[in-house]
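User: Please go through this model with me. I would like the reason for each label, not just the label.

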Amino acid sequence: MAWWLFRMSSSAVWWKRGAWSEFSFPSPRAGRTGRIVMFSECREGGSSPALTIGALADLLQPLGMEGVGDRKLLLTGVTDDSRQVCPGSLFIAVKGYAADGHRFIPAAIKAGAAAVVSDRDFLDAMDGCCCIRVDDSRRALGLVAAAWYGYPAREIDMIGVTGTNGKTTTARMLRHLLDCSGTRCGYIGTGMALWGSCSERIDRTTPGALELHCLLRRMADDGCEAVVMEVSSHALSMQRVAGIRFRGAVFTNLTPEHLDFHGSIDAYAEAKKILFSMLDRNGFAVCNADDPAAAFMVSASSGRELYGCRIDGQLELPDLTVELRASGIVSDITGTTMTLHVDGRVFNASFRLFGSYNVMNMLEAYAAGLAMGLGPEEVIAALADAPPVAGRMEVIGASGGYVGMVDYAHTPDALERVLLALRQVMPDKSRLVTVFGCGGDRDRHKRPEMGRIASKLSDNVVLTSDNPRSEHPECILDEIAAGIPGGNVFWRFRDRRDAISCGVGLLSRGDVLLVAGKGNEEYQEEHGQRHYFSDRDVLQEIVEQRR
């Protein structure tokens with residue numbers, strides 16, 4: 001058996017077989033003539049993945065690498081979970097939240113791994129296995145996942161949507177208008193992957209690299225020409241989208257979130273900005289030009305088309321290609337009408353959501369549609385018909401003269417925007433009842449702030465659990481309650497069903513109940529276990545019982 005020793009870095013290359021460029025592929029706009037497989041050792045045709053040790057070495061060359069192995073050895077699978085290793089597969093060791101994959105390298109080798117990729121030294125554990133060391137095993141996982149599934153993102157117009165709030169609504173609106181225009185479009189985002197008649201639950205906003213590229217391969221094979229994907233700050237920081245070039249990037253807004261992970265708002269913003277550095281040369285950027293972080297975000301997309309969306313802001317944003325502005329906004333609980341200004345042209349527009357923040361979401365979807373080559377009238381007609389997104393300001397119960405709604409708002413900014421939007425469309429004498437909680441093992445600083453906001457903008461507040469995870473639910477409720485001014489009456493229930501029942505019981509004719517935080521999630525997570533729970537189902541059930 002022939003064995004080769006590879007030692008590669010940015011300063012020296014002992015062995016190199018041909019030049020390889022991570023992004024040396026034609027723009028999707030140039031047309032699609034089939035799969036592009038960069039390596040001669042990868043099997044071409046169809047969607048059956050194939051990768052050899054030699055192809056792997058070429059692929060990981062830019063990361064800096066040292067390792068040993070048989071170039072012709074064909075890998076049988078790729079995984080970052082040692083429990084899924086089978087004989088002949090590749091195991092990529094990645095440090096995660098709860099466990100470090102490097103601890104399981106011996107177990108992977110024992111299970112028959114033909115090769116292991118790591119960003120730590122472990123050559124003494126090789127035991128006949130091809131051991132490859134790289135600078136960043138997370139990035140390696142993204143690059144290998146793309147290669148394993150035949151680079152599906154290169155066959156699709158990829159549009160990434162990032163921001164603290166509004167990603168799901170914006171992405172789903174954009175997917176709807178592209179589908180309506182005849183562009184078969186997929187969606188990957190919070191809890192769901194959609195394409196054609198297919199619908200699959202996913203655990204993360206942006207899936208891990210292997211799951212992501214598997215989904216993209218299936219979408220490409222099923223004829224998708226575009227995919228709109230929510231790209232979270234975690235995914236960008238953890239290299240889940242490494243190796244993907246995006247046709248478009250959309251920025252919705254930036255407010256404090258995930259600071260337990262990023263450490264600071266500046267680091268959080270830097271993570272979001274990465275998406276705009278991943279644009280194709282012929283790509284486009286869309287941003288909420290009213291947001292103070294807009295200029296910072298799009299500074300990474302210099303030279304691309306830039307679409308700025310405004311409602312009432314006057315922030316300076318240089319190098320705009322197209323400016324979109326909404327005026328004359330009129331909302332009620334059934335939807336919104338407005339006047340749309342696009343580079344001197346004026347249109348009347350309407351859609352089936354309410355609230356100024358949803359106007360911005362609509363503007364961003366509209367701008368991305370224009371950037372994808374659609375006509376203004378075509379986009380307006382499609383958005384007017386766009387269905388509401390499940391779990392986003394969704395009316396669940398509207399009987400007995402009151403209205404029950406479910407929304408995903410789980411940050412201070414999102415909760416405030418939703419409550420203000422409801423206040424604007426409610427009758428003067430109606431009362432607003434809010435049921436919400438805060439997630440465990442997440443930003444603790446936002447808990448009292450959300451308590452303060454809910455108490456200020458609601459007539460009645462009911463505190464409850466929302467995925468307490470490893471924390472004690474009552475401790476979380478204490479921290480939320482600390483933000484509610486003294487003397488303000490509120491209710492608290494550890495059990496979320498009891499809290500929703502209490503909220504419904506407080507309603508009279510004309511009142512509105514908001515159940516916030518989970519949206520269309522269908523689980524409650526506590527002590528490492530998930531059990532079925534749906535705000536939508538529970539609220540519907542309780543409302544029907546009260547009729």
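User: Why is Arg120 called partly exposed?
Analyst: The model is a predicted one. Arg120 has a relative accessibility of 35%. Partly exposed covers the range between under 20% and over 50%, so Arg120 falls into that class.

User: And what makes Asp100 buried?
Analyst: Its relative accessible area is 11%. The limit for buried is under 20%, so Asp100 qualifies.

User: How do you know that Asp100 and Arg120 form a salt bridge?
Analyst: The N to O distance between their side chains is 2.6 Å. The cut-off is 4 Å between a side-chain nitrogen of Lys or Arg and a carboxyl oxygen of Asp or Glu, so the pair passes. Asp100 sits in the loop between β6 (90-92) and α2 (105-110), Arg120 in the loop between β7 (115-118) and β8 (130-134), and the two are 20 residues apart. The same rule gives a count of 31 salt bridges.

User: What makes Asp511 and Arg431 a link between separate parts of the sequence?
Analyst: Their side chains form a salt bridge with an N to O distance of 2.9 Å. Asp511 is in the loop between α15 (496-505) and β25 (512-516), and Arg431 is in the loop between α12 (412-425) and β22 (432-436), so the bridge joins parts 80 residues apart in sequence. Asp511 is buried at 3% relative accessibility, while Arg431 is partly exposed at 26%.

User: Why does the pair Arg494 and Glu526 count as a salt bridge?
Analyst: The closest N and O atoms are 3.1 Å apart, and the limit is 4 Å, so the pair counts. Arg494 lies in the loop between β24 (491-493) and α15, Glu526 in strand β26 (residues 524-526), so parts 32 residues apart in sequence are tied together. Arg494 has a relative accessible area of 40% and is partly exposed. Elsewhere, salt bridges with shared partners join Asp203, Arg469, Glu525 and Arg530 into one network.

User: Which residues touch the most other members of the largest nonpolar core?
Analyst: Leu177, Leu178, Tyr307, Leu324, Leu363 and Tyr366 do, in a core of 45 residues. Helix α10 (residues 356-371) supplies the largest share, ten residues. Beyond its neighbours within four places in sequence, Leu324 contacts ten residues' worth of surroundings that include Tyr307, His341, Leu363, Tyr366 and Leu370. A second, separate core has 38 residues, among them Ile156, Cys224, Leu275 and Leu317.

User: Why is α10 described as largely enclosed?
Analyst: Of its 16 residues, 15 are buried, so the rest of the structure largely encloses the helix. From first C-alpha to last, α10 reaches 23 Å, close to the expected 22 Å. Gly373 follows α10 and has a positive phi, near 95°.

User: What makes β20 and β24 edge strands?
Analyst: The sheet is open and has six strands in the order β20-β21-β25-β22-β23-β24, with mixed pairing. Each of β20 (394-397) and β24 pairs on one side only.

User: How do you know that β20 and β21 are paired?
Analyst: Three bridges join β20 to β21 (residues 403-407), and the strands run antiparallel. Pairing needs at least two bridges, so the condition is met. Gly397 stands opposite Gly404 in β21.

User: Which strands does α15 lie across?
Analyst: α15 lies across β22, β23 (460-464), β24 and β25, at about 170° to β23. α12 lies across β21, β22 and β25, at about 165° to β25.

Notes. Residues numbered from 1 in each chain as written. Predicted model: local features only at pLDDT ≥ 70, side-chain atom pairs only at ≥ 80, totals over all residues. Heavy atoms only, no water. Helix = DSSP H or I, 4+ residues; strand = E, 2+ residues; numbered from the N terminus. Buried < 20%, exposed > 50% of the residue type's maximum accessible area, 1.4 Å probe, protein only. Core = buried A, V, L, I, M, F, W, Y, C linked by side-chain atoms within 4.5 Å. Contact = heavy atoms within 4.5 Å. Expected span 1.5 Å × (residues − 1). Axes fitted to C-alpha atoms, helices over the stretch in contact; angles between N-to-C directions.
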